[in-house]
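User: I am new to reading protein models and would like some help. Could you show me how to go about it, one feature at a time?

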Amino acid sequence: MSILGLKKKQPKTFKVKVITMDAEVEFSCEVKWKGKDLFDLVCRTIGLRETWFFGLRYIVKDTYAWLKMEKRVLDQEVPKEFPITFHFLAKFFPEKVEEELVQEITQHLFFLQVKKKILDEEIFCSPEACVLLASYAVQAKYGDYDPNFHKPGFLSQDELLPKRVLMQYQMTADMWEEKITAWYAEHRGIARDEAEMEYLKIAQDLEMYGVSYFSITQNKRDTDLLLGVDAQGLHIYSPNNKLNPNKSFPWSGIRNISYSEKEFTIKPLDKKKEVFKFYSSQLRVNKLILQLCIGNHDLFMRRRKVDTIEVQQMKAQAKEEKARKKVERQILAREKQMREEAERAKEEMERRLFQLQDEARLANEALLRSEETADLLAEKAQIAEEEAKLLAHKAAEAEQERQRLEVTALKTKEEKRLMEQKMREAEQLAVKLVEQSERRLKEADHLKQDLNEAKDAERRAKQKLLEITKSTYPLMAAYSSPPPPPDGTGLHLEAGSCRMDFKDTDMKRLSMEIERERLEYMEKSKHLQDQLKELKSEIESLKLEEQKELDKMVTEVGYSYKNDITSVVHIFCSVILKWVCVAWQRWGWCTLS
């Protein structure tokens with residue numbers, strides 16, 4: 001009892017981590033559990049009922065293996081590290097995904113796994129098909145395309161195309177996104193499960209879809225080949241070509257598959273055909289090939305039989321679920337459409353409300369403007385009426401002015417004629433004045449000449465008087481000396497006295513003549529000055545009369561005509577004044593002299 005009690009108890013459970021395509025789940029498993037117990041727990045946890053497609057895969061010695069259902073988990077070659085990691089993946093693939101995949105969870109898991117294989121380039125896909133598949137993947141993830149929500153660059157964080165395709169063409173990420181978005185916009189109205197099913201329907205037609213490849217040799221001389229196992233049968237490929245098989249063995253044409261250690265034998269159903277043998281170097285790989293062959297063959301045979309009650313129930317439930325979801329989607333689509341229509345109607349009503357408010361505001365502004373315009377028009381009408389009266393008055397005045405101007409025009413013609421006559425008379429008068437000025441100039445020259453002659457005569461008279469005065473000095477000396485003897489002296493004195501008297505008489509006469517000439521000269525100068533003053537006054541009076549007549553004519557016939565007449569008169573007056581000034585200078589010089 002004590003010895004048994006001291007023994008360390010073995011743990012009854014162990015930890016397991018299961019990685020699905022979209023989640024990670026940890027379980028606590030009992031030591032005695034078989035692979036089927038763990039597998040069923042995982043299926044129940046994720047809600048999967050189509051369990052025959054899936055399995056739990058683990059890594060062992062750089063290769064993978066599938067957990068066997070009939071053996072205990074810990075008795076298999078699973079990793080001894082806890083928690084033990086398993087990958088929940090599709091082990092077998094259906095021939096027609098649309099008919100065989102019933103549950104939505106099954107479709108989703110297949111979609112995620114196939115998508116990963118295409119992106120990891122484990123399944124070859126052309127660039128065009130990759131873009132189309134990417135558009136369905138975007139539809140499954142984001143729903144219907146909305147240009148207001150899905151702005152350029154919204155796919156920048158998503159991995160949608162294989163690197164091989166991205167490197168094959170000289171295109172930027174924006175250009176690839178534009179291509180994918182163009183297809184994505186065409187999928188409007190497709191639900192998530194429908195988009196994933198469309199993805200799988202395209203992917204199942206790819207040559208490498210659902211094929212598990214293994215390296216084999218055809219004989220002991222080690223001719224390298226590839227063995228492909230899928231839902232259709234077995235295929236033999238060249239090592240560098242996984243797309244087109246060299247030889248195929250469909251499940252319907254295989255009678256038996258067996259292997260002994262490293263040798264596999266494929267016996268055709270037709271006994272006449274040759275048995276095909278190939279070799280695999282690893283025992284673990286041989287067991288895996290055998291498992292895949294048995295499982296795919298079983299599913300192949302199962303598809304040719306009537307569905308079990310469970311499958312029929314699942315299909316019926318799936319059909320009802322699809323119908324229900326379809327109705328829900330239709331209701332949702334209708335409600336969405338109604339909501340969109342309501343939102344559009346609301347937006348339209350709001351827009352119409354804003355428009356009506358704007359129209360009301362504009363109408364109020366227009367009303368205010370119209371009222372202001374009416375007031376302004378009333379003022380303008382009053383002003384126009386006053387202007388009309390004023391214009392009528394001005395029109396009457398203009399008519400009177402016109403009549404007056406007509407009369408004035410007639411008078412102007414007559415006055416123009418008179419003015420021309422006066423201009424001719426002024427010209428004649430100017431000519432006469434010029435002639436008179438020349439005559440006066442000549443008279444002034446004669447007077448100047450006479451004055452010069454008088455001055456010469458005066459100078460000669462003075463000279464003569466001087467000479468006479470000198471000649472009287474001896475006589476005066478004689479009168480002052482003693483009287484001479486009586487005889488004969490009386491005669492001499494009488495004679496000298498007579499001579500003296502004669503001299504005085506001549507001097508008086510000469511002085512009188514000089515005085516007379518001076519008086520005559522003064523009278524002539526005064527007479528000339530009087531004539532000049534008279535001439536100047538006549539010219540001034542003539543200018544005043546001409547100016548008065550010109551002003552009167554300008555007032556009646558206009559400013560331009562006045563300028564013409566004034567210019568003419570000024571010309572003639574300037575000529576007259578020029579001659580008068582010359583005469584004045586000459587006469588003034590004479591007077592001053």
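Analyst: Happy to help; we will go through the sheet, then the helices, then one residue. Keep in mind that this is a predicted model.

User: Let's start with the sheet. What is the order of its strands?

Analyst: Strand order is read across the sheet, from one edge to the other. Here the order is β2-β1-β5-β3-β4, an open sheet of 5 strands with mixed pairing. Because β2 and β4 (63-66) each have a single partner strand, they stand at the edges, and one side of each is left without a neighbour in the sheet. From one strand to the next, the twist averages 35°.

User: In which sense do β1 and β2 pair, parallel or antiparallel?

Analyst: Antiparallel: β1 (residues 13-19) and β2 (residues 24-30) are joined over 7 bridges. The two strands form a hairpin, with 4 residues between them. You can follow the pairing in the model by finding T13, which stands opposite E30 in β2, and then I19, whose bridge partner in β2 is E24.

User: And in which sense do β1 and β5 pair?

Analyst: This pairing is parallel, over 4 bridges. A good place to look is V16, which has I84 in β5 as its bridge partner.

User: Now the helices. How do I describe two that pack together?

Analyst: Two packed helices are described by the angle between their axes and the distance between the axes. Take α5 (residues 127-142) and α8 (residues 192-203): their axes come within 8 Å and cross at roughly 160°. Angles over 145 degrees count as roughly antiparallel, and α5 and α8 are therefore roughly antiparallel to each other. Their crossing is left-handed.

User: Which residues of α5 and α8 make the contact?

Analyst: From α5 come L132, L133, Y136, A137, Q139 and A140, and from α8 come R192, A195, E196, E198, Y199, I202 and A203. Sorted by class, the residues of this contact are 9 nonpolar, 1 polar and 3 charged.

User: At roughly what angle do the axes of α4 and α8 cross?

Analyst: The α4 and α8 axes cross at roughly 50° and come within 9 Å. That angle makes α4 oblique to α8. The crossing of this pair is left-handed. Among the residues in the contact are F110, F111 and V114 of α4, together with M197, Y199 and L200 of α8. By class, the α4 contact with α8 has 8 nonpolar, 2 polar and 5 charged residues.

User: Could we finish with a single residue? Where is F93 placed?

Analyst: F93 lies in the loop between β5 (84-90) and α3 (97-100).

User: Is F93 buried or exposed?

Analyst: The question turns on relative accessibility, and buried means under 20%. F93 counts as buried because its relative accessibility is 8%.

User: Which residues is F93 in contact with, leaving aside its neighbours within four places in sequence?

Analyst: The contacts of F93 are F110, Q113, V114, K117, Y209, G210, A231 and R303. Try Y209 as an example of how the fold brings residues together: F93 and Y209 are 116 residues apart in sequence, with 8.5 Å from C-alpha to C-alpha in space. Two more of the contacts, F110 and V114, you have already met, since both names are in the α4 list for its contact with α8.

Notes
Residues are numbered from 1 along each chain as its sequence is written. This is a predicted model: local features need pLDDT of at least 70, side-chain atom pairs count only at pLDDT 80 or more; totals for chains, interfaces and linings use all residues. Side-chain values use heavy atoms; hydrogens and water are left out. Buried means under 20% relative accessible area, exposed over 50%, partly exposed in between (1.4 Å probe, protein chains only). Contact means heavy atoms within 4.5 Å. Two strands pair if DSSP finds at least two bridges between them. Axes are lines fitted to C-alpha atoms, for helices over the stretch in contact, and angles run from 0 to 180 degrees between N-to-C directions. Angles under 35 degrees count as roughly parallel, over 145 as roughly antiparallel, 65 to 115 as roughly perpendicular and the rest as oblique. A crossing is left-handed if the near helix is turned anticlockwise from the far one by less than a right angle, and right-handed if clockwise. Ala, Val, Leu, Ile, Met, Phe, Trp, Tyr, Cys and Pro count as nonpolar, Asp, Glu, Lys and Arg as charged, and the others, Gly among them, as polar.
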